[in-house]
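This report works through one protein model, beginning with a single helix and moving outward to the sheet, the cores and a few individual residues. Please keep the sequence and the structure in view while reading.

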Amino acid sequence: MSVLLIINWRISMNRGKQHMEEQALLKHCNKDVLSYLKTDETGDDHIYSGRDTPLRHDAFDISDGEKIEKIAYHFQEIMTTLGLDLNNESLSGTPLRVAKMYVKELFSGLDPNTKPKITLFENEYNYKQMLVEKDIKFFSSCEHHFVPIYGKAHVAYVSSGKIIGLSKLNRIVQHFAKRPQVQERLTEQIAYEMQEALSTDDVAVVIDARHMCVSSRGIKDTDSSTITSFYGGKFSETDFRNEFLKYLTI
Ligand SMILES: [Zn+2]
């Protein structure tokens, strides 16, 4: 049997198995609901699915108010399904509170309108070295478990003639952190935004973060952190990159 045939055979076997599992589930689930569900095929592995956040084409067809209303309804369903009594004074406000928090805070960076407006200034000092902004603290959310990712981003660039207000670098980090994320994508989204805003390839981003899905559940490793990096333009040269990394240890 050729390799291609074996692969096709395996795919059809897997599809057959998946189909049987779906049929079994259908007996218990509403079909519309099921169409949104996928088996947890990747387990605890965090798969990076590309630089752009996967958004539906109708992501912004409804207002924030409508989103809050819908999420509150569904979160109330989750709580009720868990067996919680929403008549309890302490719990009754939770669905709306969570919905507002999702739309207005934790995931507000999904909305392109919340992207920080970047104003650039002339590089009057003719500063030609790298500029490093380090220890930018951020909170984000793991898109596989919807629990916090938190840590520090360190970013750097070399001016191509214009410079950016320092707080804008912080704001770029915070904007992309306020999405369901994987750390690899967060790193690249910050880097590409800086490259575009500053019209230069010479951009570096290093993120050191802790994932609550690793520390509070699953493997329950409370000590490990995850480091991701992006080195564009001059930062791909060893000496230049090492100079940047040296500043992170000061
Ligand atoms: Zn996770």
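## Helix H5 and its surroundings

In this predicted model, helix H5 covers residues 166-177, and its twelve residues, at 1.5 Å a residue, should span 16 Å; the C-alpha atoms at its ends are 18 Å apart, which agrees. Which residues of H5 are buried? They are Leu169, Ile172, Val173, Gln174, His175, Phe176 and Ala177. The elements that cover these buried residues include strands S2, S3 and S5, strand S4 (162-164) and helix H6.

## Overall make-up and confidence

The protein contains eight helices and seven strands, and buried residues account for 22% of its 250 residues. Among contacts between residues at least 6 apart in sequence, 69% join residues at least 24 apart.

The mean pLDDT of the protein is 88, with 81% of the residues reaching 70 or more. Over residues 1-13, however, pLDDT stays under 50, and for this stretch the model has one contact beyond four places in sequence.

## The five-stranded sheet

Five strands make up an open sheet, arranged in the order S5-S2-S3-S6-S7 with mixed pairing. Strand S5 (180-181) and strand S7 (226-231) each have a single partner strand and stand at the edges, so one side of each is left without a neighbour in the sheet. Helix H6 (residues 183-198) packs on this sheet, where it touches strand S2 (130-142), strand S3 (148-158), S5, S6 and S7, and its direction makes about 155° with that of S6.

Taking the pairs in turn from the S5 edge, S2 and S5 run parallel and are joined by two bridges, with Ser141 standing opposite Pro180 in S5. S2 and S3 are antiparallel to each other over ten bridges, and Lys137 faces Lys152 of S3 across this pairing. Strand S6 (residues 203-211) is likewise paired with S7 in the antiparallel sense, over six bridges, and here Val205 is opposite Phe230 in S7.

## The nonpolar cores

The largest nonpolar core has 28 residues, of which Ala153, Val155, Val173, Ile190, Met194, Ala204 and Val205 touch the most other members. At least two residues of this core come from each of S2, S3, H5, H6, S6 and S7.

Val155 illustrates how this core is connected: beyond its neighbours within four places in sequence, Val155 is in contact with Glu133, Ile136, Leu169, Val173, Ile190, Met194, Ala204 and Val205. A second core, separate from this one, consists of five residues, among them Ala72, Ala99, Tyr102 and Val103.

## Two residues with positive phi

Most residues other than glycine have a negative phi. Asp135 departs from that pattern, with a positive phi near 60°. This residue is placed in strand S2, and Asp135 counts as exposed because it has 9 C-beta neighbours inside 10 Å, where the limit for exposure is 12 or fewer.

Phe146 is also not a glycine and has a positive phi, of about 55°. Where does Phe146 lie? Phe146 is found in the loop between S2 and S3, which form a hairpin with five residues between them. With 13 other C-beta atoms within 10 Å, Phe146 is partly exposed.

## Asp201 in the loop before S6

Asp201 belongs to the loop between H6 and S6. Is Asp201 buried or partly exposed? There are 16 other C-beta atoms within 10 Å of Asp201, whereas 20 or more would be needed for burial and 12 or fewer for exposure, so Asp201 is partly exposed.

Setting aside neighbours within four places in sequence, the contacts of Asp201 are with Gln195, Gly232 and Gly233. Asp201 and Ser159 are 42 residues apart in sequence, while their C-alpha atoms are 9.9 Å apart in space.

Definitions and conventions. Residues numbered from 1 in each chain as written. Predicted model: local features only at pLDDT ≥ 70, side-chain atom pairs only at ≥ 80, totals over all residues. Pairing = 2+ DSSP bridges. Helix = DSSP H or I, 4+ residues; strand = E, 2+ residues; numbered from the N terminus. Contact = placed C-beta atoms within 7 Å. Axes fitted to C-alpha atoms, helices over the stretch in contact; angles between N-to-C directions. Expected span 1.5 Å × (residues − 1). Core = buried A, V, L, I, M, F, W, Y, C linked by C-beta atoms within 7 Å. pLDDT = per-residue confidence, 0-100.
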